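User: I am new to this structure and would like to learn how to read it. Please take me through some features in turn.

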Amino acid sequence: MTIAETTTENPDETPIETSVTLTINGSPVTVDQGQTVLDACTSAGIDTPTLCYAENLTPVNACRVCVVEQEGSRTLVPSCSRKAEDGMEIQTDSPRVRHSRKMVLEFLGSGVDMSQAYQVHRWMDEYGADPGRYGPEAARIREDVKVQDDLYIRDYDKCILCYKCVEACGDDAQMTFAISASGRGFDARISTEFDVTLPDSACVYCGNCVGVCPTGAIQFKTEFDMRQADNWKPEEQTVTQTVCSYCGVGCNLELHVQDEKIVKVTSPADHSVTHGHLCIKGRFGWTYVQPTIERR
Amino acid sequence: MTDLHLTADRATDAEAAAIDAAIVECGLEPVIIDETDRLVRGGLHRANNARHGLLPALHALHNVSGWISHGGINYIAQTLGVPPAESFGVASFYEMFRMEDPGHTDDVVHVCVDGACQIAGADGVIVSLEASGTTVHRSPCLGQCERAPAQFVQGNQGRPDFVAADREPTVIPQQGDPTLRLLKRMGVTDPESLDDYVAYGGYSALAKAFSMGAEAVLDEVDSAGLKGRGGAAFPTAFKWRGVRGADGDKKWIVVNADESEPGTFKDRHLMELDPFSIVEAATIAGFATGAQKGFIYVRGEYPLATKRLQNAIDVARERGFLGDGIAGSSIGFELEIRRGAGAYICGEETALFESLEGFRGEPRQKPPFPTTHGLFKQPTAINNPETLVNVLGILNDGSEAYKQLGTPDSTGTRLFCLSGHVANPGLYEGPHGMTLGEAIEMAGGPTGELRAVLLGGAAGSFVGIDQMDLPLSFEGTRAAGASLGSGVVKLFNTETDFQAVVTRIAEFFRNESCGQCVPCRVGVVRQHELIIRTAGRSMNGERSLLDDMDAAMKDASICGLGHTASTAVRSAIDLGLIGA
Ligand SMILES: Cc1cc2nc3c(=O)[nH]c(=O)nc-3n(C[C@H](O)[C@H](O)[C@H](O)COP(=O)(O)O)c2cc1C
Ligand code: SF4
Ligand code: SF4
Ligand code: SF4
Ligand code: FES
Ligand code: FES
């Protein structure tokens, strides 16, 4: 919680409100103007499930797992995109909120392979989601894994359509627009134009889509291969921070190392230079560090 | 920004010419950008770029080639600067665009499979068409329920789209009734003649508006108590004041003529038989709100309505009723038509803006509302054609006279779309507050023994025969847990296979969900599966599962489609039409 402050620096001497105070579960919370209800919940120490939200992307408010109850609103509101306003009264754990969160998780679990969305397993337990309720005949997303190059794979069985990859590829980071949502409804998929392979598309292999995907639907080829070999052991991995040596921009790199080999590279989402995003050199150009690693 | 990247496919000359022509018609200049040039996406600069030419360009491409070809997408990328993956994502959103080469050049016959056509033998029509080698597309309601089973032909190789039934004049059952307000010119005047329109009271409301001034127009509409006829019953004056008072010098009028709520055909009638009234009313809306330009977004399956409206716009412009200095004043207003391409969700106002801007028709989270962040994120008044046409009567006769009709909370008259098992299906006008029984009697009563009425559309609900005294007003239907929606009154007699009808409603929502938000994207699928799974037996425990799904769709979905996707299905169960 931050302290409410007003400033009178503007010439008209009308004070500009720079903070707002709302009530969350009965307690007042003050945040900077422009922050969201989710920010307010976080600053009040309330854990909110999110799937399509990321601090380095524009909110698309599509997954609806972060919904909260706002006094006076007919429907629940997505906390990740709703701006905090003075006087708002928010409930984050009411029966309505719990029910909708449970249903979102349950719906996703009933149609999508969430086995590698580790974060979600905890929420599923917490909200009592039971994806089995829809029976064995419930339609699921079934797509073959797309292995089209040595850098990353796409397995849309695991895609929850959070749009994060589209945003990272598009105007939130990379400005490449190699992928987009296509189709409609349950048949909507993330796709290149006419589903051409990545090497045929506009993709520049920055790997930013891989970096933001919450479910493993887009995955580094290294990780994919090691999982296939039953040799992916995140608990044994160490993370080393370094700065990319290719150019002078100064991107922070996190080298994930298992068995003394780099297995993937990420960048912290809160880093002022990268905001979590890299280019092909920082993301994939690390093989020179360990020239003995097997390459096809 | 990024370099344009294209696959090797190139457009044919015919494709390129058609796309160029469509783009020019939108007032844009086609530019050919090289592969080394930089791309500009809409993003924050939506209003300033050419992206809004995308939907017209896709229509043009589809019309010459019969599908969205790879070369065509590449050419669109070069002329409009839209990345190919995004154009593909947009095109694949719409029912009318084929994304794969069909391997032939035949027209596509769209046959409606929704309620009124379902009970009128649509399945049989499809079987015999397919037997004769015709390419058939099973379509949601085509807005021609009064002449069920309905068809619409989508042209190929440059041939125009058409509806065979349009060759017969549309019958207005109440034609000649002196109490008609909204339908008075229909079937009486020549819809292509401005002189006829003026001779029957046309453009007197605009003259009155100019002499009263914008604020007085807003006051008059406010005091008349006009509420939106598109389904949400929002007070029109409140919306218009919001736009007038909003910051920004660029403001827009949008006429929502995407009419796709199953059972609705009123806006089609207005556009086909009284198109000048929509042009006049939109101009008044522009004057009242301070907007200088408007778009009419017409449903893609309405070729005659599009043609008549285009003629009305062209003639009005020629005669000084559109453009700069309208009717000798200093006021300017322009109107342009945009065609939808088969997507119920694009009738939702914010999805419509996205579609018009050249993006996928995915609704936006509100707030912010269209009055401040509408088309191109600028202040926008979006209205249904029927709502707008009411404004003419309010100005011509005054709000006092207008309020004499209807009820205090639901003023004026209302268009009712009667279809299904009814003697004289068609479009009717009656005062708000008339009973359901009276509305049915207007249309000659039911055929067979009435069992249930679908009120308000697929997003509405079924009501039983004990509801014949239900007042057809906003408050009357609300009190009964129903809604007027878009004026749909669809009758089903005891011979109806309700399992088939309700399954089709569930399938409709499954097909039409945009897929953006989880509760709706998955919920509509699970609901459809549940209805199929429980066919012919009691719901038992499944009822509470349906209620659980409904609660989440109502509470957590982004837009009205998800909010209402279970309403009709649940009402059918409550009435014992299925699941008993
Ligand atoms: C799924 C969905 C479909 C809609 N379709 C239409 C439509 O076809 N025509 C229409 O006028 N309004 C439609 N609406 C309502 C519009 O969002 C909006 O409320 C209306 O156009 C406003 O005009 P009005 O105030 O004149 O009624 C739809 C809403 C939803 C949620
Ligand atoms: S690797 Fe980069 S350019 Fe390629 S699809 Fe992912 S985000 Fe887009
Ligand atoms: S591939 Fe991953 S990031 Fe992209 S939409 Fe699917 S789940 Fe989200
Ligand atoms: S409620 Fe349905 S139609 Fe509306 S935004 Fe969500 S998925 Fe799309
Ligand atoms: S995290 Fe807020 S809607 Fe997805
Ligand atoms: S046209 Fe078939 S139900 Fe409307």
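User: Where should I begin, and which domains does the assignment give for chain B?

Analyst: Keep in mind that this is a predicted model. For chain B the assignment gives five entries: domain 1 (2-91), domain 2 (108-167), domain 3 (194-403), domain 4 (413-493) and domain 5 (498-574).

User: How do I read a contact between two domains, and how many residues does it take from domain 3 and domain 5 of chain B?

Analyst: Begin with the centres, then turn to the contact. The C-alpha centres of domain 3 and domain 5 of chain B are 33 Å apart. Domain 3 of chain B gives 12 residues to the contact, and domain 5 of chain B gives 8. About 790 Å² is buried between domain 3 and domain 5 of chain B, with carbon and sulfur atoms giving 68% of that area.

User: Which residues of domain 3 of chain B lose the most area to domain 5 of chain B?

Analyst: They are B:Tyr344, B:Ile345 and B:Pro363, which together make up 56% of what the domain 3 side buries.

User: What is the count of salt bridges and of polar contacts between domain 3 and domain 5 of chain B?

Analyst: The salt bridge count between these two domains is 0. For polar contacts, the count is 2 residue pairs, both residues being at pLDDT 80 or more.

User: Now the two chains. What area do chain A and chain B bury between them?

Analyst: The figure is about 4200 Å², and 57% of it is on carbon and sulfur atoms. The contact takes 52 residues from chain A and 56 residues from chain B. Between chain A and chain B there are 4 salt bridges and 25 residue pairs in polar contact, both residues at pLDDT 80 or more. On the side of chain A that touches chain B, the elements giving two or more residues are α2 (95-111) and β10 (180-182). The largest share of that side comes from α2(A), with 9 residues.

User: How do I read a single salt bridge, and which residue of chain B does A:Arg184 pair with?

Analyst: Look for the closest N and O atoms of the two side chains. A:Arg184 forms a salt bridge with B:Glu95, at 3.3 Å between those atoms. This pair crosses between chains: A:Arg184 is in the loop between β10 and β11 (189-191) of chain A, and B:Glu95 is in the loop between α4 (84-91) and β3 (108-112) of chain B. The side chain of A:Arg184 also meets that of B:Glu512 in a salt bridge, 3.3 Å from N to O. A search over all chains finds 54 salt bridges in the whole structure.

User: What should I look for in the backbone?

Analyst: Most residues other than glycine have a negative phi, and most peptide bonds are trans. A:Asn25 has a positive phi, near 50°, and lies in the loop between β3 (19-24) and β4 (27-32) of chain A.

User: Which residues does the cis peptide bond with omega of about -10° join?

Analyst: That bond joins B:Lys366 and B:Pro367. The peptide bond from B:Pro367 to B:Pro368 is cis too, with omega near 0°. B:Pro367 is in the loop between α14 (349-357) and α15 (370-373) of chain B, and B:Pro368 lies in the loop between α14 and α15 of chain B.

User: Finally, the surface. Which residues make the nonpolar patch of about 320 Å²?

Analyst: The patch is made by A:Tyr246, A:Tyr288 and A:Val289. Of these, A:Tyr288 lies in the segment after α7 (280-284) of chain A.

Definitions and conventions. Residues numbered from 1 in each chain as written. Chains lettered and ligands numbered in written order. Predicted model: local features only at pLDDT ≥ 70, side-chain atom pairs only at ≥ 80, totals over all residues. Heavy atoms only, no water. Patch = residues over 30% accessible without salt bridge, like charges linked within 9 Å, V, L, I, M, F, W, Y side chains within 5 Å. Areas by Shrake-Rupley, 256 points an atom, 1.4 Å probe, with all protein chains shown as cover. Helix = DSSP H or I, 4+ residues; strand = E, 2+ residues; numbered from the N terminus. Domains from an automatic or database assignment. Contact = heavy atoms within 4.5 Å. Buried area = accessible area lost by both parts, 1.4 Å probe. Polar contact = N/O pair within 3.5 Å; in protein donor to acceptor, adjacent residues only side chain to side chain.
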